Amino acid sequence: MRKVSFFPVFIFMCFAGFSQNSMNEAVKQQLVKDWERAKAYTKEYLDAMPKDKYDFRAQDSVRTFAQQMLHLAQANMGLSANGTGKDRIWQGRMLEQTKTAQSPDSVNYYVMASYDFAIDGIKNMDATKLEEKNKRGNFDESRFAWLLKAFEHQTHHRGQTTIYIRLLGIKPPNEKLF
């Protein structure tokens, strides 16, 4: 009978596991970098809108600028919590419907705090859990998918406020792709 050496198989398995962990860590670091960039970009939007125009609506049937940004903030917190496993803040509150939250200073606070929440959660999460499933409501997605959806959502709503800024005759911030 021929002897089979399991050492090469063992080395391969160790390397494959190390590579996956390294990849997960690289993905985590890229997520942090992108969320930090998005935070800076969104701050430019908050600063571009005149403080006395935070109640501006592009049309009567849509959110005000303040409400758009508060919606972005609330979703940053909720969706990123699904991804990171971090305990939610502002649970049970509807910021975009709360008058006191709609002042320019409050909007800035909530939006920046939501980015800090997402960034901190990603920085402190175990990168090996990115592939772990997390069911919320009807959705059973990986933690990574939840973080991607959170990022997509904030990009969408920040993009919507470009129209608000342009309708007021103001040049919106230049794109921050990197």
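Helices here are DSSP runs of H or I with at least four residues, numbered from the N terminus. The model is predicted.

**Exercise 1. Find the residue that follows α2 and give the sign of its phi.**

Solution. Go to the end of α2, which covers residues 65-84. The residue that follows is G85. Its phi is positive, near 85°.

**Exercise 2. Lay out the secondary structure of the protein chain along the sequence.**

Solution. Start with the inventory: four helices and two strands. Then read along the sequence, and the pattern is α-α-α-β-β-α.

**Exercise 3. Check the span of α2 against the expected value, then state how covered this helix is.**

Solution. Take the expected span as 1.5 Å times one less than the number of residues. α2 has 20 residues, so the span should be 28 Å. The end C-alpha atoms of α2 are 28 Å apart, which agrees. Now turn to burial, where the cut-off is under 20% relative accessible area. In α2, 20 of 20 residues are buried.

**Exercise 4. Repeat the check for α3.**

Solution. α3 has 21 residues. From first C-alpha to last, α3 reaches 30 Å, close to the 30 Å expected. On burial, α3 is mostly covered, with 15 of its 21 residues buried.

**Exercise 5. Which residues touch the most other members of the largest nonpolar core, and which helices supply it?**

Solution. The core holds 40 residues. Those that touch the most other members are W35, L46, F65, M69, V107 and V111. Helices α1 (7-48), α2 (65-84), α3 (104-124) and α4 (143-167) each supply at least two core residues. Next, follow M69. Leaving out residues up to four places away in sequence, M69 touches T42, Y45, L46, V107, V111 and T161. For the whole chain, take contacts with a separation of 6 or more: 74% join residues 24 or more positions apart.

**Exercise 6. Describe how β1 and β2 pair and what lies between them.**

Solution. β1 spans residues 133-136 and β2 spans residues 139-142. The two strands pair in the antiparallel sense over four bridges. One partner to locate is that of K135: D140, in β2. The strands form a hairpin with two residues between them. In the turn, G137 has a positive phi of about 60°.

**Exercise 7. Classify both ends of the K39 salt bridge as buried, partly exposed or exposed.**

Solution. The search of the whole structure finds ten salt bridges. In one of them, the side chains of K39 and D116 meet at 2.5 Å, N to O. This pair links distant parts of the chain: K39 is in helix α1 and D116 in helix α3, 77 residues apart. Partly exposed runs between the 20% and 50% cut-offs. K39 has 23% relative accessibility, so K39 is partly exposed. D116 has 38%, so D116 is partly exposed too.

**Exercise 8. Compare the burial classes of R143 and E132.**

Solution. R143 forms a salt bridge with E132, with the closest N and O atoms 2.8 Å apart. R143 is in helix α4, and E132 is in the loop between α3 and β1, eleven residues apart. R143 has a relative accessible area of 13%, so R143 is buried. E132 is at 32%, so E132 is partly exposed. Finally, widen the view: K129, E132 and R143 are linked in a network of salt bridges.

Notes:
Residues are numbered from 1 along each chain as its sequence is written. This is a predicted model: local features need pLDDT of at least 70, side-chain atom pairs count only at pLDDT 80 or more; totals for chains, interfaces and linings use all residues. Side-chain values use heavy atoms; hydrogens and water are left out. A nonpolar core is a set of buried Ala, Val, Leu, Ile, Met, Phe, Trp, Tyr and Cys residues joined through side-chain atoms within 4.5 Å. Buried means under 20% relative accessible area, exposed over 50%, partly exposed in between (1.4 Å probe, protein chains only). Contact means heavy atoms within 4.5 Å. Two strands pair if DSSP finds at least two bridges between them. A salt bridge is a side-chain nitrogen of Lys or Arg within 4 Å of a carboxyl oxygen of Asp or Glu.
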